[in-house]
Amino acid sequence: MALIFHSSIKRDDWWKAEMAKHVPDLEMRFHPEIGNPDDIEFALCFNMPHGELAKFKNLKAIFSLGAGVDHFFKDPTFPKHVPLARVVDDELSARMTEYVTQHVLNHHRDQLTYDQQQKEKVWKVHHPPAASSRKVGILGLGALGAHAAKTLNLIGFQVSGWSRSKKSIDGVTSYAGEDQLGTFLKDVEILVCLLPLTEQTTGILNKDLFEKLPKGASLINPGRGPHLVEQDLINALNNGHLSAATLDVFTQEPLPTENPLWEHPRILITPHVASIAAPNRVAALVAQNIKRAREGKALLNQVDVEKGY
Ligand code: NDP
Ligand code: OXD
């Protein structure tokens, strides 16, 4: 009964101790010290090197260390028949809501303009509309998007969201499916992307989508880098159709120093920190799911591999 662990963050002793609190009979092995691959029944990982998970023929479950699972599906040998669970956690949602709220307010109050004015020692007032007449739209109304939508609504913004299936969230207008994307976008002044990265959503933040937004709209992307066509964003900012953007995730991470996004005066960049799953919460979730797998129960927060999220 062994669990293989892989993460770029090396805290092996900590993970051993934390998992032992919940599942004392579990042996933890740290990739690449696999031992006999046939011993491995569970895998807890993020960005596992391709081809590795396919070596474990007796896997009972795979757990993502984060909310996103696109990193698994990039591996052509990923064992799709093994149940896969991801992190859905109130604290993770609350942290993402902090990030989204912070940057919605930045764009709502035109903070990038004041940052520039401060550099130039310019005292000039710009009057933002009241939150009650500002329209914020969220692509993706799942665990993270729905949480952020509710908070933005409490602050007083007019909030709408777009998802695959229609939602019923107090104070949030819900649009669903390809047919309603244009209607959703036409009023959105601040657009937040909290979609998972799938075949359907790759490149969704592109020229066509930007043109459907009203002039002066801004973008916040804590979803995934490949949602965005970077050059289309730069063009839309340079021609004045979009006014500003906040980007947390990038097609290439770390963002290469020569990437023009770094220097754009209307882009605010953070290094994939919008919401990081807390290890103690992940350990508790994984332990709960290991117990369920041992009892033959369905996993909590199981991913639909056909949908890809
Ligand atoms: P969920 O799976 O809970 O929600 C995804 C939402 O997107 C759902 O509402 C779903 O619709 C909608 N959706 C998916 N595909 C489509 C589509 N083709 N068209 C329309 N809507 C679609 O995911 P989470 O909210 O937990 O996480 C979202 C993403 O946030 C993660 O996948 C990850 O990429 C990113 N993330 C980023 C972090 C960061 O620090 N930057 C941290 C954590 C996550 P429906 O509800 O109808 O299925
Ligand atoms: C996640 C992330 O998916 O950190 O949890 O991006």
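Ala, Val, Leu, Ile, Met, Phe, Trp, Tyr, Cys and Pro are counted here as nonpolar, Asp, Glu, Lys and Arg as charged, and the others, Gly among them, as polar. The exercises below concern a predicted model.

**Exercise 1. The surroundings of ligand 1**

Task: Determine which residues come nearest to ligand 1, and where ligand 1 lies with respect to domain 1 and domain 2.

Solution.

Step 1. The shell around ligand 1 consists of 28 residues, and those that come nearest are Arg86, Ser165, Lys167, Asp248 and Tyr309.

Step 2. Sorted by class, this shell contains 13 nonpolar, 10 polar and five charged residues.

Step 3. Next, the polar contacts of ligand 1 are examined. Lys167 places a polar side-chain atom 2.6 Å from an oxygen atom of the ligand. Two further contacts involve the protein backbone: a polar backbone atom of Pro222 is 2.9 Å from a nitrogen atom of ligand 1, and a polar backbone atom of Gly223 is 3.4 Å from an oxygen atom of ligand 1. Taken alone, ligand 1 exposes 940 Å², of which the protein buries 92%.

Step 4. Among the secondary-structure elements, helix H5 (143-155) and strand E7 (158-163) each contribute at least two residues to the shell around ligand 1.

Step 5. Residues of the shell come both from domain 1 (2-89 + 277-294) and from domain 2 (90-269), so ligand 1 lies between the two domains.

**Exercise 2. The surroundings of ligand 2**

Task: Identify the residues around ligand 2 and state how much of the accessible area of ligand 2 the protein covers.

Solution.

Step 1. Ligand 2 is surrounded by Phe46, Gly66, Ala67, Gly68, Arg224, His272 and Ser275.

Step 2. By class, these comprise two nonpolar, four polar and one charged residues.

Step 3. Oxygen atoms of ligand 2 take part in the following contacts. A polar backbone atom of Ala67 is 2.7 Å from an oxygen atom of the ligand, and a backbone N or O atom of Gly68 lies 2.7 Å from an oxygen atom of the ligand. The side chain of Arg224 has an N or O atom 2.8 Å from an oxygen atom of ligand 2. On its own, ligand 2 has 210 Å² of accessible area, and the protein covers 84% of it.

Step 4. His272, one of the residues around ligand 2, also has a notable backbone angle: its phi is positive, about 50°, although His272 is not a glycine. His272 belongs to the loop between E12 and helix H9 (279-294). With a relative accessible area of 28%, His272 is partly exposed, as the range from 20% to 50% is assigned to that class.

**Exercise 3. Backbone geometry in loops**

Task: Locate the cis peptide bonds at Pro32 and Pro254, and describe the backbone at Asp110.

Solution.

Step 1. His31 and Pro32 are joined by a cis peptide bond with omega about 15°. Pro32 is situated in the loop between strand E2 (27-30) and strand E3 (40-45).

Step 2. A cis peptide bond also joins Glu253 and Pro254, with omega about -5°. Pro254 is part of the loop between strand E11 (242-247) and strand E12 (267-269).

Step 3. Asp110, a residue other than glycine, has a positive phi near 55°. Asp110 occupies the loop between helix H3 (90-108) and helix H4 (111-119) and is partly exposed, at 24% relative accessible area.

**Exercise 4. Cysteines, Phe42 and Lys57**

Task: State how many disulfides the structure holds, and decide whether Phe42 and Lys57 are buried or exposed.

Solution.

Step 1. A disulfide covalently bonds the sulfur atoms of two cysteines. The structure holds zero disulfides. Cys45 is buried, at 0% relative accessibility, and Cys193 is likewise buried, with a relative accessible area of 0%.

Step 2. Phe42 is located in strand E3. Its relative accessibility is 0%; values under 20% count as buried, so Phe42 is buried. Although 251 residues separate Phe42 from Ala293 in sequence, their C-alpha atoms are 9.6 Å apart in space.

Step 3. Lys57 is in the loop between E3 and strand E4 (61-64). Its relative accessibility is 64%; values over 50% count as exposed, so Lys57 is exposed. The side chain of Lys57 reaches the backbone oxygen of Ala54 at 2.8 Å.

Step 4. Lys57 and Thr257 are 200 residues apart along the chain, and 41 Å separates their C-alpha atoms.

Definitions and conventions:
Residues numbered from 1 in each chain as written. Chains lettered and ligands numbered in written order. Predicted model: local features only at pLDDT ≥ 70, side-chain atom pairs only at ≥ 80, totals over all residues. Heavy atoms only, no water. Near = heavy atom within 4 Å. Polar contact = N/O pair within 3.5 Å; in protein donor to acceptor, adjacent residues only side chain to side chain. Areas by Shrake-Rupley, 256 points an atom, 1.4 Å probe, with all protein chains shown as cover. Helix = DSSP H or I, 4+ residues; strand = E, 2+ residues; numbered from the N terminus. Domains from an automatic or database assignment. Buried < 20%, exposed > 50% of the residue type's maximum accessible area, 1.4 Å probe, protein only. Disulfide = S-S within 2.5 Å.
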